[in-house]
Amino acid sequence: VADTTRRPFQYPESFLLRIPKADLHTHLDGSIRIPTLIDLARQQNVPLPSYDPTELKRTVFPETYASLEEYLCGFGYITTVLRTPESLERVAYEVAMDAYDVGVRYLEVRFAPQLHAIPRKLAIEEVILSVNRGLERAAREADELDRLSGEIDTCNSKEFSNNSSQKMIEKMNRISGGAHPYDPEAPPHYYGIITCAMRFFIPVMSPYYEAFWEVHKGEDPHRVFGLASVALVTAVNNLRNKVEYSSHRPDDNEGEQDYILPIVAIDVAGAESGYPASDHKEAFDLAHQSFLNKTVHAGEGYGPESIFSAITDLHAERIGHGCQLFNWAIIGEGAGRGGRNKSNKEKEEMSDDQKRAYVENLTRYLGTTRTCMEICLSSNLQTMPELEGDLRNHPARKMIEEGLAVTFGTDNALVSHTNMVRELTLAAEAFELSPGQLRNIVFNGFKRSFMAKRYREKRDYNRKIISYYKRVEREFGFSVFGSDYGEDHI
């Protein structure tokens with residue numbers, strides 16, 4: 001039972017495991033299991049610094065990194081082994097099951113298909129379909145675990161004649177030392193796919209990019225970056241329009257089915273300074289006109305104007321990270337396209353008062369439009385030295401105080417050694433979240449999702465999430481604290 005007299009609230013790990021969660025910001029490659037990386041590398045004769053899991057974790061995926069560049073260096077090994085349909089499907093399945101095993105009910109997985117595609121051998125479309133097969137299989141299995149969890153207390157596993165069901169029961173008994181989030185009364189599992197463009201790329205990053213540079217040899221690099229993004233959106237739109245691909249669950253209403261292929265959004269990731277969002281405007285205009293949602297990595301390694309550009313140039317509905325939102329002092333610093341003087345001269349000449357007003361107006365706009373901030377605490381601890389290792393210094397605290405729509409995600413489960421239970425634990429402790437605040441932040445993840453269902457069905461699903469969450473609250477004694485904002489806010 002919760003201790004009702006202490007502040008900040010102490011949330012048992014079992015409570016954070018049981019509550020339904022949405023993870024809207026998780027990268028496929030950065031969430032691979034280390035044993036899987038080693039296994040795939042051996043199968044494909046890909047050299048790794050070490051084939052020992054402990055040593056590989058220590059040297060390539062340590063707990064802390066000196067810089068964002070060091071943080072990203074391990075991704076080269078990962079993407080190299082993810083260039084077959086089988087490896088992509090396997091890793092997608094494992095990433096999703098790892099999330100579902102800690103109580104994630106809705107998952108959006110993002111990846112850059114152009115990092116995995118191989119011209120004339122593995123097309124962008126097949127990359128996406130391979131990932132979808134893995135995610136679909138995981139959702140089916142997680143729903144089956146929900147069903148079986150209601151029977152395991154009254155039935156011996158031998159009573160199940162289906163061998164696969166017995167294996168899943170054994171798995172359910174092993175996870176989390178016997179604790180698990182599966183429940184026959186819980187809402188089902190769903191997922192969405194987010195395809196990432198890259199702000200910057202060079203030929204050695206993938207066979208696809210090598211061929212792309214060869215075709216566009218001699219062109220302005222920034223134009224090449226934008227053209228690659230247009231090619232990605234075009235491929236995604238063609239796939240969405242032509243593939244007859246059933247989702248993993250029929251709708252209950254009138255025999256209708258879920259959207260054919262749950263590609264729910266486009267993203268752009270990579271270095272911000274020197275590689276502005278405007279390079280990708282044509283691609284995101286095309287996505288916008290095609291009713292494809294937009295989330296943009298922005299304000300992670302660059303100032304508030306990067307967030308502004310994501311909104312104005314790329315129609316961003318969510319912002320990945322956005323940690324520099326309130327850092328008015330760095331407005332005008334860093335390199336824009338064509339160099340600092342060309343890109344940022346106007347902002348460099350702004351007074352401090354003008355910079356503060358710029359941030360205030362930007363924050364007000366984000367709040368009014370409910371543009372969701374996707375915060376990844378473990379990842380930020382590794383790449384933001386200004387935090388000094390203390391999440392109490394994280395700008396998410398002020399985002400919450402300002403009433404912005406905030407959700408927490410894992411970013412890269414392997415690289416950041418995390419999962420959604422850990423992310424919520426870190427948030428609750430660092431920001432001293434009350435039960436009402438925690439509840440509203442968790443609900444944000446579902447409300448701001450790009451779920452590939454009709455809107456009325458998404459609302460019905462979210463109501464089931466709310467109902468189930470409150471049931472778990474009652475079991476742990478947190479329901480007496482109510483909401484900090486009231487039902488209208490929820």
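Of the contacts in the chain between residues at least 6 apart in sequence, what percentage join residues at least 24 apart? The figure is 77%. Keep that in mind while browsing the views below, and remember that this is a predicted model.

**View 1. The whole chain, before zooming in.**
Here is the full set of 490 residues, 57% of them buried. Going along the chain, you can pick out 20 helices and 8 strands. The accessible surface adds up to about 20800 Å², and carbon and sulfur atoms account for 48% of it.

**View 2. Helix 2 alongside helix 6.**
Zoom in on residues 34-43, which form helix 2, and residues 85-100, which form helix 6: their axes come within 12 Å and cross at roughly 175 degrees. Angles over 145 degrees count as roughly antiparallel, so helix 2 is roughly antiparallel to helix 6. On the helix 2 side, the contact is made by Thr36, Asp39, Leu40 and Gln43, while helix 6 brings in Ser87, Arg90, Val91 and Glu94. Sort these residues by class and you get 2 nonpolar, 3 polar and 3 charged.

**View 3. Helix 13, tucked inside.**
This one covers residues 304-314, and 9 of the 11 are buried, so helix 13 is largely enclosed by the rest of the structure. Among the buried ones are Pro304, Glu305, Ser306 and Ile307. Further along helix 13, Ser309, Ala310 and Ile311 are buried too, as are Asp313 and Leu314. Just after the helix comes His315, with a positive phi near 60 degrees.

**View 4. Ala269 and its company.**
Look for Ala269 in strand 4, which spans residues 263-269. Its relative accessible area is 9%, and the cut-off for buried is under 20%, so Ala269 counts as buried. Which residues does Ala269 touch, leaving aside its neighbours within four places in sequence? They are Ala197, Met198, Arg199 and His297. Phe111 is worth finding as well: 158 residues separate it from Ala269 in sequence, yet their C-alpha atoms are 9.6 Å apart in space.

**View 5. Two cysteines, no disulfides.**
Don't go hunting for a disulfide here, since the structure holds 0 of them. Take Cys323, which is in no disulfide: the nearest cysteine sulfur belongs to Cys376 and lies 8.1 Å away. A disulfide needs the two sulfur atoms within 2.5 Å, so that pair does not qualify. Is Cys323 buried or exposed? Cys323 is buried, at a relative accessible area of 5%. Cys196 is buried as well, with 3% relative accessibility.

Notes:
Residues are numbered from 1 along each chain as its sequence is written. This is a predicted model: local features need pLDDT of at least 70, side-chain atom pairs count only at pLDDT 80 or more; totals for chains, interfaces and linings use all residues. Side-chain values use heavy atoms; hydrogens and water are left out. Buried means under 20% relative accessible area, exposed over 50%, partly exposed in between (1.4 Å probe, protein chains only). Axes are lines fitted to C-alpha atoms, for helices over the stretch in contact, and angles run from 0 to 180 degrees between N-to-C directions. Helices (H or I, at least four residues) and strands (E, at least two) are DSSP runs, numbered from the N terminus. Angles under 35 degrees count as roughly parallel, over 145 as roughly antiparallel, 65 to 115 as roughly perpendicular and the rest as oblique. Contact means heavy atoms within 4.5 Å. Ala, Val, Leu, Ile, Met, Phe, Trp, Tyr, Cys and Pro count as nonpolar, Asp, Glu, Lys and Arg as charged, and the others, Gly among them, as polar. Accessible areas come from the Shrake-Rupley method with a 1.4 Å probe; for residues, only the protein chains shown count as cover.
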